[in-house]
Amino acid sequence: MQLRSILRARPLISIEALAVAASIYFAVASNQTFFRAVAATGALHGAKGALTFTCLFVAIIALHTILLCVLLNRWTAKPLLIVLLLTNAAAAYFMSAYTVYFDADMLRNILHTDGKESHELVSLHALPSIFVYGVLPSWMVWRLRLKPRPLLRGLLIRFVTIVLAIVVTAAALMASFQGISALMRNHRELRYLVTPGNYLVSLVQVARDAEVDHNRPRAPIGMQAKVVGRPAAERPRLLVLVVGETVRAQDWGLDGYARQTTPQLAALARTPAGPINFTHVMACGSSTEISLPCMFSPWGRAHYDKDRIDHSQSLLHVLEHAGIRTLWRDNQTGCKGVCEGLAFESFEHGSVPDVCTAEGCLDEAMLHGLAERIAVNPGDQVVVLHQLGNHGPAYYTRYPAAFRQFTPVCETSDLDRCNRDEIVNAYDNAVLYTDDFLARTIRFLGEQGGRDTALIYLSDHGESLGEDGLYLHGVPYAIAPDTQTHVPMLMWLSPGFSAARGIDTACMKARSNDDVSQDNLFHSVLGLMQVRTPEYDATLDLFARCEHAAPV
Ligand SMILES: [Zn+2]
């Protein structure tokens with residue numbers, strides 16, 4: 001046949017045949033990452049492995065056939081398949097480039113990502129593969145003619161097709177029951193690689209959660225919270241809580257990284273009243289969506305309950321109930337509900353000269369006008385600075401030119417166009433900038449003569465920089481590598497604060513290699529600010545371990 005006649009052809013096909021054909025195409029074109037991951041577990045080894053592979057392949061086709069038979073009709077068939085083909089092509093690209101698992105959390109991350117962030121993620125490099133695997137087959141689908149059928153006959157054929165697909169799925173799973181059940185039990189996360197089932201099922205889950213969430217107010221916590229034991233005559237207190245972004249312990253100079261990425265903090269740490277660095281800190285999650293609400297909740301990872309955390313007030317509300325004012329300054333995409341109804345300022349579209357552009361602000365913008373903002377409130381207060389930090393993949397945009405110290409640098413958000421050294425260099429330069437940001441904030445707090453001041457820095461989660469082929473973060477917690485869950489934490493108290501509170505900083509330093517986690521944050525902040533409420537647990541308060549008897 002000549003090319004022209006192929007291009008002109010408009011084959012006639014029934015919707016059921018189209019569903020089967022599309023499912024076969026999905027199994028072959030969109031599930032390579034899934035089969036690669038299955039192979040990596042060793043489950044496809046030998047004759048038994050060949051059987052497992054065949055059965056998995058057939059089951060994936062049959063399951064998607066069932067799904068499509070439910071979704072497709074003569075009006076939805078073409079538009080829906082085209083959307084699926086294009087989404088699949090993009091999803092398959094990101095899964096193979098970054099090993100992304102499309103569970104509900106990942107989908108929430110993507111849906112909550114703003115335009116600027118997604119602009120960084122959509123790389124030109126993805127376009128050829130989206131064209132070949134998405135646009136070309138979409139064009140072919142568009143050219144098809146759907147076979148018209150009388151309603152009853154059509155429904156009957158659809159019903160028979162679905163029953164047959166169920167039988168085939170069951171047969172395939174039975175034929176290799178031992179292999180497949182062991183695989184899915186031991187590697188539950190693999191199901192999030194089966195495309196497009198992964199994101200369709202997750203989408204339904206996210207939509208259902210959103211529906212439930214909509215009219216549900218946050219349950220109050222710590223309504224009776226009170227500041228206890230604080231002499232009224234003492235100077236007002238100011239705690240700055242810096243929530244870091246995507247900084248991992250492995251690249252944190254103070255945690256023993258071979259490269260000094262925290263020179264200023266290291267110099268400060270050598271002085272008597274210098275900051276204390278905690279070396280063994282675990283994050284609650286591997287993404288902002290999980291970690292941020294979790295670290296501000298009383299339950300943490302130890303009693304993790306996403307629904308409960310998302311529908312309860314946070315540490316900041318408890319502080320407010322105790323009469324301590326809070327302020328959230330944000331250089332990211334918001335406080336994820338943690339500061340709901342409380343004072344909030346966004347720098348996402350800030351206009352501070354020299355540090356903000358149309359693309360966004362450097363983190364130091366959050367220090368701009370801070371002194372004036374604090375002066376408004378004469379009493380105790382807690383200010384949260386939510387950094388953009390090391391948010392990837394465009395690490396090279398997170399710091400000004402002066403911090404371009406490790407070179408050569410990966411200067412694109414398209415990580416697969418850079419080698420590993422270039423990616424790590426860009427990432428480490430961004431850590432250098434966080435070092436500067438924290439040192440600046442400590443200096444600023446040191447200059448607040450009228451107040452006792454303190455700073456706590458805690459990163460939300462880590463990042464993969466190519467180890468085991470993984471990039472970015474968000475791998476399900478149970479299988480997340482240490483690089484995504486081991487994070488830096490730092491505390492600093494002004495001499496006035498530690499004296500007034502009777503906190504022995506030498507003791508804090510001596511215990512800074514203890515195993516701690518983001519679960520300690522809620523209780524440590526309440527402890528430091530002397531807030532008493534039933535939710536407070538002294539055993540998780542890192543200051544309580546090093547407290548002298550209160551000075552009389
Ligand atoms: Zn994050």
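Gln484 is a good place to start in this predicted model: its relative accessibility is 0%, so it counts as buried. The residue sits in helix α18. Its side chain makes a polar contact of 2.9 Å with the side chain of Ser464. Leaving aside residues up to four places away in sequence, Gln484 touches Gly285, Ser286, His461, Gly462, Glu463, Ser464, Leu470, Leu472, His473, Gly474 and Val475.

Next door in the chain is Thr483, also part of α18, which covers residues 482-485. Thr483 has a relative accessible area of 10%, which is under the 20% cut-off, so it is buried as well. Its contacts, again not counting residues up to four places away in sequence, are Arg248, Gln250, Gly462, Glu463, Ser464 and Glu467. Ser464 is therefore on the contact lists of both Thr483 and Gln484.

His486 belongs to strand β14, residues 486-493. With 14% relative accessibility, His486 counts as buried. Its side chain reaches the backbone oxygen of Thr279 at 2.8 Å. Beyond residues up to four places away in sequence, His486 touches Arg248, Ala249, Gln250, Thr279, His280, Val281 and Met282. Then there's Cys284: 202 residues separate it from His486 in sequence, but C-alpha to C-alpha they are 9.6 Å apart in space.

**Backbone oddities**

As a rule, most residues other than glycine have a negative phi, and most peptide bonds are trans. Here are some exceptions from this model.

| Site | Backbone feature | Location |
|---|---|---|
| Thr195 to Pro196 | cis peptide bond, omega near 5° | Pro196: loop between α10 (177-186) and α11 |
| Gly392 to Pro393 | cis peptide bond, omega near -5° | Pro393: loop between β10 (381-386) and α17 |
| Lys336 | positive phi, near 55° | loop between β6 (325-330) and β7 (344-346) |
| Leu472 | positive phi, about 60° | strand β13 (residues 471-472) |

The two residues with positive phi can also be described by their exposure. Lys336 is partly exposed, at 22% relative accessibility, while Leu472 is buried, with a relative accessible area of 13%. Leu472 has come up already, as one of the residues touched by Gln484.

**The largest pocket**

How many residues line the largest pocket, and which lie nearest its centre? The lining has 39 residues, and Asp105, Arg108, Ile290, Lys306 and Asp310 are the ones nearest the centre. The volume of this pocket is about 1,000 Å³. By residue type, the lining holds 16 charged, 13 nonpolar and ten polar residues.

Several helices contribute: α6 (104-112), α11 (197-214), α13 (288-295) and α14 (306-310) each bring at least two lining residues. The largest share, six residues, is from α11.

Two of those helices deserve a closer look. In α6, the buried residues are Ala104, Met106, Leu107, Arg108 and Asn109. Arg108 thus turns up both there and among the residues nearest the pocket centre. At the start of α6, a side-chain oxygen of Asp103 comes to within 2.9 Å of the backbone nitrogen of Met106.

Is α13 mostly covered or mostly open? It is mostly covered, with eight of its eight residues buried. They are Thr288, Glu289, Ile290, Ser291, Leu292, Pro293, Cys294 and Met295. Ile290 is on that list and is also one of the residues nearest the centre of the pocket.

**Nonpolar cores**

The largest nonpolar core has 104 residues, and Phe34 and Leu455 touch the most other members. Helix α17 (residues 420-446) supplies the largest share of this core, 13 residues. Apart from it lies another core, of 52 residues, including Ala283, Ile309, Phe497 and Leu521.

As for Phe34, its contacts, not counting residues up to four places away in sequence, are Leu56, Ile60, Met184, Leu190, Leu193 and Val194.

Methods: Residues numbered from 1 in each chain as written. Predicted model: local features only at pLDDT ≥ 70, side-chain atom pairs only at ≥ 80, totals over all residues. Heavy atoms only, no water. 1 Å grid on protein atoms, 1.4 Å probe; cavity = no way out; pocket = protein on both sides within 12 Å on 5 of 7 lines; lining within 4 Å. Points joined across faces, edges and corners; volume = space filled by probe spheres on them. Helix = DSSP H or I, 4+ residues; strand = E, 2+ residues; numbered from the N terminus. Nonpolar A, V, L, I, M, F, W, Y, C, P; charged D, E, K, R; others polar. Core = buried A, V, L, I, M, F, W, Y, C linked by side-chain atoms within 4.5 Å. Buried < 20%, exposed > 50% of the residue type's maximum accessible area, 1.4 Å probe, protein only. Contact = heavy atoms within 4.5 Å. Polar contact = N/O pair within 3.5 Å; in protein donor to acceptor, adjacent residues only side chain to side chain.
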